[in-house]
Amino acid sequence: MVRVFSLFALAMALVLSGCASRVDYGDAQARETVTADFGSTDLQMIATKMVDDMMVFPPIVEMTRDRRPVLFVDRIKNKTSEHIDTESVTDTIQSKLINSGKFRFVDMSVVDRVREQLEYQQDSGMVDQASAAQMGRQIGAEFMLYGNLSSIVKRDDSTKDVYYKFTLKLLNIQSGIIEWSGEKEIRKTRKRSLFGF
């Protein structure tokens, strides 16, 4: 009986060790091909294409030759059927544009917290007024960057085809003129193998 129990324990240990998971670090820039859904490779391709297109557009080159215009990013609209973190897409685009040295950004997502801090510095009596930030001194944005991410999904018994289209526009806030617009299209196809793997 002890021998049977020992063999059973050994067998269970082997089974459990075979089920253990393993975590490896990968290259964040490597092509991700796990599914046909929107992924990290798509995000990187969109951000790179949009920034590259914008930076070489002649009116943008002229506009940024001697100054750094101030932009704000509006929320990207996700018109796909997937849950996609569009904030990650816009954060990556914004980071690339800031790091180009050609643009500055105001962050509209933190306006309420900034207002609280300004009120604290002005009204609490706890901050030396010589060093306190003054109300009404922020710089207004000249341009708004906004866009949409949409998709068309087609499928049959063995194939899923997904077409993504990302559109980004740069709007002059004062004039209402769209100064630049860019698009990036991505098509991904997943074919199921004969045995469903």
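In the predicted model, helix α4, spanning residues 86-99, contributes five residues to the lining of the largest pocket, the most of any contributor. The volume of this pocket is about 340 Å³. Its lining comprises 13 residues, of which V73, E87, T90, D107 and S109 lie closest to the pocket centre. By residue class, the lining of the largest pocket consists of five charged, four polar and four nonpolar residues.

The second largest pocket encloses about 260 Å³ of space. It is lined by 15 residues, and those closest to its centre are D107, V111, V114, L118 and Q138. D107 thus appears among the residues closest to the centre of the largest pocket and also among those closest to the centre of the second largest pocket. The lining of the second largest pocket contains nine nonpolar residues, together with three polar and three charged ones.

Helix α4 also takes part in the nonpolar interior. In soluble globular proteins, nonpolar side chains tend to be buried together. The largest nonpolar core in the model holds 26 residues, and M54, I93, L145 and F166 touch the most other members. At least two residues of this core are supplied by each of the helices α2 (40-56), α3 (58-63) and α4, and likewise by each of the strands β4 (143-155), β5 (159-172) and β6 (178-191). The greatest contribution comes from α2, which provides six residues. The surroundings of I93 illustrate the packing: when residues up to four places away in sequence are not counted, I93 touches I46, A47, M50, V51, L145, F166 and L168. Two of these contacts of I93, L145 and F166, are themselves among the core residues that touch the most other members.

Strand β4 pairs with several other strands. Strand β1, formed by residues 70-73, runs parallel to β4 and is joined to it by three bridges; within this pairing, L71 stands opposite F143 of β4. Strand β2, formed by residues 77-79, is likewise parallel to β4, with three bridges between the two, and here K79 is placed opposite S150 of β4. The pairing of β4 with β5, by contrast, is antiparallel and contains 13 bridges. V153 has V162 of β5 as its bridge partner. A hairpin of three residues connects β4 to β5. Both of these paired strands, β4 and β5, also supply residues to the largest nonpolar core.

Note on methods:
Residues are numbered from 1 along each chain as its sequence is written. This is a predicted model: local features need pLDDT of at least 70, side-chain atom pairs count only at pLDDT 80 or more; totals for chains, interfaces and linings use all residues. Side-chain values use heavy atoms; hydrogens and water are left out. On a 1 Å grid over the protein atoms alone, a cavity is a set of points where a 1.4 Å probe fits but cannot get out, and a pocket is an open set with protein on both sides within 12 Å along at least five of seven lines; lining residues have an atom within 4 Å of a point. Grid points are joined across faces, edges and corners, and a volume is the space filled by probe spheres set on the points. Helices (H or I, at least four residues) and strands (E, at least two) are DSSP runs, numbered from the N terminus. Ala, Val, Leu, Ile, Met, Phe, Trp, Tyr, Cys and Pro count as nonpolar, Asp, Glu, Lys and Arg as charged, and the others, Gly among them, as polar. A nonpolar core is a set of buried Ala, Val, Leu, Ile, Met, Phe, Trp, Tyr and Cys residues joined through side-chain atoms within 4.5 Å. Buried means under 20% relative accessible area, exposed over 50%, partly exposed in between (1.4 Å probe, protein chains only). Contact means heavy atoms within 4.5 Å. Two strands pair if DSSP finds at least two bridges between them.
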